[in-house]
Amino acid sequence: ILIDMGDELSLDPDFVSAPLTIPGVTDENGNCDAVLFTHYHGDHTGQMTRIRKNIPLYAGKLAKDIMLVSSDRTKNEEFHERIKTMQTFNSGEAFSIGDVSITPWSIDHSACDSYLFLIEADGKRVLYTGDFRMHGFRGKALPKILYKIGKVDTLVTEGTTLSRQNIQPMKEYELQQKVKEY
């Protein structure tokens with residue numbers, strides 16, 4: 001099971017991404033039973049069309065709907081057709097892929113309908129956070145979710161903003177006030 005298949009973030013207008021090649025995902029040289037998407041931002045979905053067509057894709061229902069609307073506007077037919085095949089999940093409701101149990105939990109992020117995943121198999125529990133924030137309107141929910149999840153064996157966390165030193169994130173309310181000023 002792969003989580004996310006995104007593209008690099010770049011502010012360079014001439015940036016050209018390097019196509020990801022993952023055995024069993026982009027070719028027939030291995031096995032992949034599914035790809036889960038934490039949310040719809042390009043650094044998580046940008047190389048989705050490289051995934052073999054017979055591999056099931058999973059996302060939150062609203063995230064899937066947003067990706068469909070987005071693909072309509074960009075006229076990317078291949079992306080649109082791939083999104084239409086996505087299976088959806090609900091927060092807090094476990095589903096299985098083979099003998100692996102996955103419980104998605106809705107978390108606060110700048111993309112609505114973002115998830116972290118509790119993955120359980122062979123008596124082990126892995127928590128994959130995806131992107132999250134604790135300064136948005138729903139940020140206070142994360143400790144409650146973590147309490148519900150309980151002890152895990154391994155934590156894998158997103159690190160996109162770890163290199164942003166000495167920058168205090170703006171609270172969502174503060175951003176709304178700035179927008180009102182404009």
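Does Phe95 count as buried or exposed, and at what relative accessibility? With a relative accessibility of 15%, under the 20% limit, Phe95 counts as buried. The legends below describe a predicted model.

**Figure 1. The whole chain holds 5 helices and 9 strands.**
From start to end, the elements follow the pattern β-β-α-β-α-α-β-β-β-β-β-α-β-α. The radius of gyration is 17 Å, close to the 16 Å that the globule rule gives for 182 residues, so the chain is as compact as a globular protein of that length. Along the principal axes, the C-alpha trace spans about 50 × 45 × 30 Å. Buried residues make up 37% of the 182 in the chain. Take the contacts between residues at least 6 apart in sequence: 59% of them join residues at least 24 apart. The accessible surface comes to about 11,300 Å². Carbon and sulfur atoms account for 53% of that surface.

**Figure 2. Close-up of the parallel sheet, an open sheet of 4 strands.**
The strand order is S1-S2-S3-S4. Strand S1 (2-3) and strand S4 (87-89) are the edges, and each pairs on one side only. Inside the sheet, strand S2 (residues 35-36) pairs with strand S3 (residues 57-60) in the parallel sense over 2 bridges. To find this pairing, start at Leu36: its bridge partner in S3 is Tyr58. Helix H2 (residues 61-74) packs on the sheet and touches S3 and S4. The direction of H2 makes about 105° with that of S3. S3 also pairs with S4, in the parallel sense, over 3 bridges. Here Ala59 stands opposite Thr88 in S4. Strands of a sheet pair through backbone hydrogen bonds.

**Figure 3. Close-up of the mixed sheet, an open sheet of 5 strands.**
The order is S5-S6-S7-S8-S9. The edges are strand S5 (95-97) and strand S9 (154-156), each pairing on one side only. On average, neighbouring strands of this sheet are turned by 25° against each other, direction ignored. Strand S8 (residues 124-128) and S9 pair in the parallel sense, over 3 bridges. Val126 is a good place to look: its bridge partner in S9 is Thr154. Helix H4 (residues 141-149) lies across strand S6 (100-107), strand S7 (114-121) and S8. H4 runs at about 160° to S6.

**Figure 4. Close-up of the largest nonpolar core, a set of 19 residues.**
Six members touch the most other members: Val35, Phe37, Met48, Ile51, Met67 and Met86. S3, H2 and helix H3 (77-84) are the elements that give two or more residues to this core. H2 supplies the largest share, 3 residues. Which residues does Met86 touch, not counting residues up to four places away in sequence? Met86 touches Phe37, Met48, Leu57, Ala59, Lys64 and Met67. Another core, of 13 residues, lies apart from the largest one. Its members include Ile3, Leu36, Ile97 and Tyr115.

**Figure 5. Close-up of Phe95, a residue of strand S5.**
This is the residue of the opening question, buried at 15% relative accessibility. What does Phe95 touch, not counting residues up to four places away in sequence? The contacts are Leu36, Tyr58, Phe89, Val100, Ser101, Ile102 and Pro104. Two of these names appeared in Figure 2: Leu36 and Tyr58 are bridge partners. Lys144 gives a distance reference for this view. Phe95 and Lys144 are 49 residues apart along the chain, and their C-alpha atoms are separated by 21 Å.

**Figure 6. Close-up of Trp105, a residue of strand S6.**
Trp105 has a relative accessible area of 15% and is buried. Leaving aside residues up to four places away in sequence, Trp105 touches Ser91, Gly92, Ser114, Tyr115, Leu116, Ile145, Lys148 and Ile149. Tyr115, on that list, is also among the residues of the 13-residue core. How many residues along the chain lie between the positions of Trp105 and Leu118? The two are 13 residues apart. Their C-alpha atoms are separated by 7.9 Å.

Technical notes
Residues are numbered from 1 along each chain as its sequence is written. This is a predicted model: local features need pLDDT of at least 70, side-chain atom pairs count only at pLDDT 80 or more; totals for chains, interfaces and linings use all residues. Side-chain values use heavy atoms; hydrogens and water are left out. Two strands pair if DSSP finds at least two bridges between them. Contact means heavy atoms within 4.5 Å. Axes are lines fitted to C-alpha atoms, for helices over the stretch in contact, and angles run from 0 to 180 degrees between N-to-C directions. The radius of gyration is taken over C-alpha atoms; the globule rule is 2.2 Å times the number of residues to the power 0.38. Buried means under 20% relative accessible area, exposed over 50%, partly exposed in between (1.4 Å probe, protein chains only). Accessible areas come from the Shrake-Rupley method with a 1.4 Å probe; for residues, only the protein chains shown count as cover. A nonpolar core is a set of buried Ala, Val, Leu, Ile, Met, Phe, Trp, Tyr and Cys residues joined through side-chain atoms within 4.5 Å.
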